[in-house]
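Please open the structure in your viewer and keep the selection tool at hand. The stops below go from the whole chain to single side chains, and each one says what to select and what is there.

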Amino acid sequence: MRITHLSKAILTALLTVAFGLGLSGPAAAAGQGNTGAAAADLTFTADQQSVTPGSTVNFTMTFTNNQETDIWFVYQSVQPTWLTTQRKDLKYAFTSCTADGVTCSGTGTTSVGMNYAIPLAPGATRTVTLSVQIAADSGCNGNIGFYSYLYYEYNGGQATKDGVFNTPETRVVCAPATS
């Protein structure tokens with residue numbers, strides 16, 4: 001009898017654990033929605049897929065409030081990707097950041113931050129153009145890419161979303177040899 005009671009206890013414990021894991025799986029997935037399909041609507045485009053040293057590439061970023069309430073706080077930064085930072089021969093800087101309803105900080109460096117005029121109404125968008133100047137003495141045959149971390153609060157500050165978004169990569173190619 002004793003083994004039967006022990007077997008029933010073990011079976012009950014295993015079923016409880018399995019049931020608990022089954023219930024916590026969807027809840028965990030729902031909490032991770034901040035970086036998945038439910039993330040903020042942030043898109044990037046580049047005006048060129050390749051550039052030469054001494055030229056400029058423009059990244060256009062559009063942020064859309066896809067919530068049903070106003071956005072009351074936004075934190076955003078644009079940083080070089082890890083692979084970009086590993087190419088010490090690539091020399092570049094953000095030379096301008098232009099937008100309506102957005103203030104930028106960090107031009108002249110390799111990263112920028114954005115401050116949005118708030119509140120940002122549901123469905124409203126802000127478009128920012130970031131110009132990146134490739135130095136004339138920059139190395140070539142490498143890619144320059146950036147990622148953006150975006151965090152914002154909506155629903156009177158009661159709800160938040162965040163995520164990481166990548167810009168298209170731009171290839172820095174060597175200028176053709178002159179004859």
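With the whole chain selected and coloured by accessibility, you will find that buried residues make up 32% of the 179 residues in the protein chain. Please keep in mind throughout that this is a predicted model. If you switch on the molecular surface, the accessible area of the protein chain comes to about 10,200 Å², and 57% of that area belongs to carbon and sulfur atoms.

Change now to a cartoon view, in which the protein chain shows two helices and twelve strands. Followed from the N terminus on, the elements run α-β-β-β-β-α-β-β-β-β-β-β-β-β. Contacts can be viewed on this scale too: among those between residues at least 6 apart in sequence, 72% join residues at least 24 apart.

**The nonpolar core**

Next, select Phe63, Met114, Leu130, Val132 and Phe146, which are the residues with the most contacts inside the largest nonpolar core, a set of 33 residues. The elements that give two or more residues to this core are β1 (41-46), β3 (56-64), β4, β5 (92-99), β7 (112-116), β8, β10 (146-154) and β11 (159-166). As background to this stop, nonpolar side chains in soluble globular proteins tend to be buried together.

Stay with Phe146 and display what surrounds it: which residues is Phe146 in contact with, leaving aside its neighbours within four places in sequence? The contacts are Phe59, Val78, Gln79, Pro80, Thr81, Tyr92, Phe94, Thr110, Val132, Phe165, Asn166 and Thr167.

**Aromatic pairs**

Show the aromatic side chains next, since the structure holds eight aromatic pairs. Start with Phe59 and Phe146, whose ring centres lie 5.7 Å apart and whose planes stand at 80°, so the pair is edge-to-face. This pair links distant parts of the chain, with Phe59 in strand β3 and Phe146 in strand β10, 87 residues apart. Phe59 is buried, and Phe146 is buried as well.

A second pair to select is Phe73 with Tyr151, which is also edge-to-face, at 6.0 Å centre to centre and with 65° between the planes. Because Phe73 lies in strand β4 and Tyr151 in strand β10, the pair ties together parts that are 78 residues apart in sequence. Are these two residues buried or partly exposed? Phe73 is partly exposed, with a relative accessible area of 39%, and Tyr151 counts as partly exposed at 21%. Before leaving the rings, select Phe59, Tyr92, Phe94 and Phe146 together, as ring pairs link these four into a cluster.

**A nonpolar patch on the surface**

Return to Phe73, found in strand β4 (residues 71-80), and add Trp72, Tyr75 and Ile118 to the selection. Together with Phe73, these residues form a nonpolar patch on the surface, and the patch has about 410 Å² of accessible area.

**Thr129 and its surroundings**

Now move to Thr129, whose place is in strand β8 (residues 125-134). With a relative accessibility of 25%, Thr129 counts as partly exposed. Leaving aside its neighbours within four places in sequence, Thr129 is in contact with Asn58, Phe59, Thr60, Ser96, Cys97 and Thr98. Measure also from Thr129 to Ala46, which is 83 residues away along the chain: the C-alpha atoms of the two are separated by 9.6 Å.

**Salt bridges**

For the last stop, display the charged side chains: how many salt bridges does a search of the whole structure find? The search finds two. In one of these, the side chains of Arg87 and Asp89 meet at 2.8 Å, N to O. Arg87 counts as partly exposed at 27% relative accessibility, and Asp89 counts as partly exposed at 31%.

Select Lys91 and Asp137 for another salt bridge, in which the closest N and O atoms are 3.0 Å apart. Here the pair links distant parts of the chain, 46 residues apart, with Lys91 in the loop between α2 (82-86) and β5 and Asp137 in the loop between β8 and β9 (142-144). Lys91, at 36% relative accessibility, counts as partly exposed, whereas Asp137, at 53%, counts as exposed.

Definitions and conventions. Residues are numbered from 1 along each chain as its sequence is written. This is a predicted model: local features need pLDDT of at least 70, side-chain atom pairs count only at pLDDT 80 or more; totals for chains, interfaces and linings use all residues. Side-chain values use heavy atoms; hydrogens and water are left out. Patches are made of residues with over 30% relative accessible area and no salt bridge: like charges are joined within 9 Å, nonpolar side chains (Val, Leu, Ile, Met, Phe, Trp, Tyr) within 5 Å. Accessible areas come from the Shrake-Rupley method with a 1.4 Å probe; for residues, only the protein chains shown count as cover. A salt bridge is a side-chain nitrogen of Lys or Arg within 4 Å of a carboxyl oxygen of Asp or Glu. Helices (H or I, at least four residues) and strands (E, at least two) are DSSP runs, numbered from the N terminus. Buried means under 20% relative accessible area, exposed over 50%, partly exposed in between (1.4 Å probe, protein chains only). Contact means heavy atoms within 4.5 Å. A nonpolar core is a set of buried Ala, Val, Leu, Ile, Met, Phe, Trp, Tyr and Cys residues joined through side-chain atoms within 4.5 Å. Rings of Phe, Tyr and Trp (its six-membered ring) pair if their centres lie within 6.5 Å; planes under 30 degrees apart count as stacked, over 60 as edge-to-face and the rest as tilted.
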